[in-house]
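Please work through the exercises below with the sequence and the coordinates open beside you. Each task is followed by a solution that goes step by step.

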Amino acid sequence: MKRLLILLLCLMPVLAFAGEAKDIAEDPVVEKRMVGLAENLRCLVCQNESLASSHAELAEDLRREVREQIKKGMTDKEIVDYLVARYGDFVLYDPPVKSYTVLLWFGPFALFLIGGGGLFYQLRKRRSNPPESELTPEAEQRAAALLNDNKENQA
Amino acid sequence: MMRFMLPLVAFLVLAGFLYVGLGLNPREVPSPLIGKPAPAFTLPQLHEPNKQFSAQEMKGKVWLLNVWSSWCVSCREEHPVLVDLSRQNIVPVYGLDYKDKREDGEAWLERGGNPYVLSAMDAEGRVGIDYGVYGVPETYVIDKQGIIQYKEIGPVTPQNLKNKILPLVAQLQAK
C-alpha cells in the first residue's frame with residue numbers, strides 16, 4: 001500500500017506537466033519556423049521577453065496567429081508585416097533604419113568618431129610640443145650628475 | 001577653461017536625456033493604427049448572442065470603442081468613469097469584451113453598471129489582435145469616416161476624458 005502511494009506520488013509531476021504541452025503544434029516544421037520568427041519579435045506584455053519565450057496570454061495568441069499564417073503559406077516577411085501593422089515597429093527586436101531610429105543606429109558610431117578624433121588630436125598635440133622642463137640649469141646638472149652616479153654604482 | 005567646459009556639457013546632455021527618460025512610460029507603445037481605418041469586424045453581441053455587431057455599422061458617427069474584460073483589474077478603476085460618461089449622452093460607447101466568458105462579462109456589467117450601448121464578444125481575442133490590443137483596458141476614438149483618431153492605453157481617467165478625449169470628440173463631431 002505504501003509503495004503504491006509512493007509510486008503514485010512519483011507520477012504526480014507527470015500529471016502536473018500535462019498542461020504545458022498544449023502550446024506545441026502538431027507539425028514540427030511549422031513549430032520550428034514559428035519559433036525562429038518569434039525569437040526576433042518582442043512580447044508586448046512582458047517587454048523584455050521575446051514572443052517565443054513569453055508565457056503571457058497575448059504571446060500565446062500571437063504564436064497561434066503566426067502558426068496559422070505559416071500554415072496558410074504566408075512568407076516570413078508577410079507575417080512580420082502583419083504584426084508590425086498592428087503593434088508597430090516596437091515588436092521588432094531588429095528595428096528598421098528610419099528617420100527616428102537614425103540616432104539609435106548611427107549614434108554609437110558618431111560617439112566613437114568623436115571620441116577617437118579627440119584622442120587622436122590630443123596625442124598629436126602632445127607629440128608636437130613635448131612638455132618643457134621646469135628645472136633650472138643648475139638643478140638639471142645636478143640631476144644628470146646624480147643619474148650618472150647611480151649608473152656607476154650599479155656597474 | 002575648455003578642459004572643464006567639455007565634461008560639464010557632456011554631463012548636462014546626458015543628464016537631460018536621462019531626465020526625459022524618467023518621464024517616459026515604456027509600457028505605452030504608440031499605435032500604428034492612428035489615422036488608419038478601424039479594422040472591420042463582425043462579432044456576436046454580449047447580451048444577445050444571436051445578434052451581431054460590426055464596426056462598419058458605425059459609419060457616420062463619432063464613437064468610442066472600449067476594450068474591457070471581467071478579469072481586468074484596471075477596468076474596475078475606469079468603469080465608474082465610463083458609467084458617468086454614458087449618462088451624459090455625449091458620445092456612444094461600445095464595448096469589446098476581450099477574451100472573456102459570456103456569463104462573467106454579464107455578471108460584471110450587472111454589478112458595476114453597463115455604460116455601453118452594447119458590447120461585442122471577442123472570446124478568442126482575434127479582433128483584439130487586429131486592433132493591436134496588448135493591455136486591457138484600451139479605448140479608441142473613431143470618427144465619422146471610421147478612422148481611428150486616438151487610442152488611450154490603460155484606464156480612462158476623468159482628467160484624460162476632460163482634457164483629451166472629449167475635446168477631440170467635440171472637434172470630430174463638428175466636422
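The exercises that follow concern a predicted model, and they go from the fold of one chain to its contact with the other and then to backbone geometry.

**Exercise 1. Describe the secondary structure and the domains of chain A.**

Step 1: Chain A holds 6 helices and 0 strands, so that its elements, read from the N terminus on, run α-α-α-α-α-α.

Step 2: The domain assignment divides chain A into domain 1 (23-95) and domain 2 (97-131), and the centres of these two domains, taken over C-alpha atoms, are 39 Å apart.

Step 3: Of the 155 residues in chain A, 14% are buried, and among the contacts in chain A with a separation of 6 or more, 39% join residues 24 or more positions apart.

**Exercise 2. Characterise the packing of helix 2 of chain A against helix 3 of chain A.**

Step 1: The axes of helix 2 (residues 28-38) and helix 3 of chain A come within 10 Å and cross at roughly 125°. That angle makes helix 2 of chain A oblique to helix 3 of chain A, and the crossing of the two helices is right-handed.

Step 2: On the side of helix 2 of chain A, the residues that meet helix 3 are A:Val30, A:Arg33, A:Met34, A:Leu37 and A:Ala38, while helix 3 of chain A brings A:Arg63, A:Val66, A:Arg67, A:Ile70 and A:Lys71.

Step 3: Sorted by class, this contact has 6 nonpolar and 4 charged residues, with no polar ones.

**Exercise 3. Decide whether A:Leu83 is buried or exposed, and place it in chain A.**

Step 1: A:Leu83 is found in helix 4 of chain A.

Step 2: A residue counts as buried if 20 or more other C-beta atoms lie within 10 Å of its own; because A:Leu83 has 24 C-beta neighbours inside 10 Å, A:Leu83 counts as buried.

Step 3: Leaving aside its neighbours within four places in sequence, A:Leu83 is in contact with A:Leu41 and A:Val91. By contrast, A:Lys125 is 42 residues away along the chain, and 54 Å separate the C-alpha atoms of A:Leu83 and A:Lys125.

**Exercise 4. Analyse the side of chain A that touches chain B.**

Step 1: The contact between the chains takes 12 residues from chain A and 11 residues from chain B.

Step 2: The elements that give two or more residues to the side of chain A are helix 3 (57-71) and helix 4 (76-87) of chain A, and helix 3 of chain A gives the most, with 4 residues.

Step 3: By class, the residues on this side of chain A divide into 7 nonpolar, 2 polar and 3 charged.

**Exercise 5. Locate the backbone exceptions in chain B at B:Pro137, B:Asn89 and B:Lys99.**

Step 1: Most residues other than glycine have a negative phi, and most peptide bonds are trans.

Step 2: The peptide bond from B:Val136 to B:Pro137 is cis, with omega near -5°, and B:Pro137 is placed in the loop between helix 4 (126-130) and strand 6 (138-142) of chain B.

Step 3: B:Asn89 has a positive phi, near 55°, and belongs to the loop between helix 2 (73-88) and strand 4 (93-98) of chain B. With 7 C-beta neighbours inside 10 Å, B:Asn89 counts as exposed.

Step 4: B:Lys99 also has a positive phi, near 45°, and lies in the loop between strand 4 and helix 3 (102-112) of chain B. Because B:Lys99 has 21 C-beta neighbours inside 10 Å, B:Lys99 counts as buried.

Methods
Residues numbered from 1 in each chain as written. Chains lettered and ligands numbered in written order. Predicted model: local features only at pLDDT ≥ 70, side-chain atom pairs only at ≥ 80, totals over all residues. Contact = placed C-beta atoms within 7 Å. Nonpolar A, V, L, I, M, F, W, Y, C, P; charged D, E, K, R; others polar. Domains from an automatic or database assignment. Buried ≥ 20, exposed ≤ 12 C-beta atoms within 10 Å, placed from the backbone. Axes fitted to C-alpha atoms, helices over the stretch in contact; angles between N-to-C directions. Parallel < 35°, antiparallel > 145°, perpendicular 65-115°, else oblique. Left-handed = near helix turned anticlockwise from the far one by under 90°.
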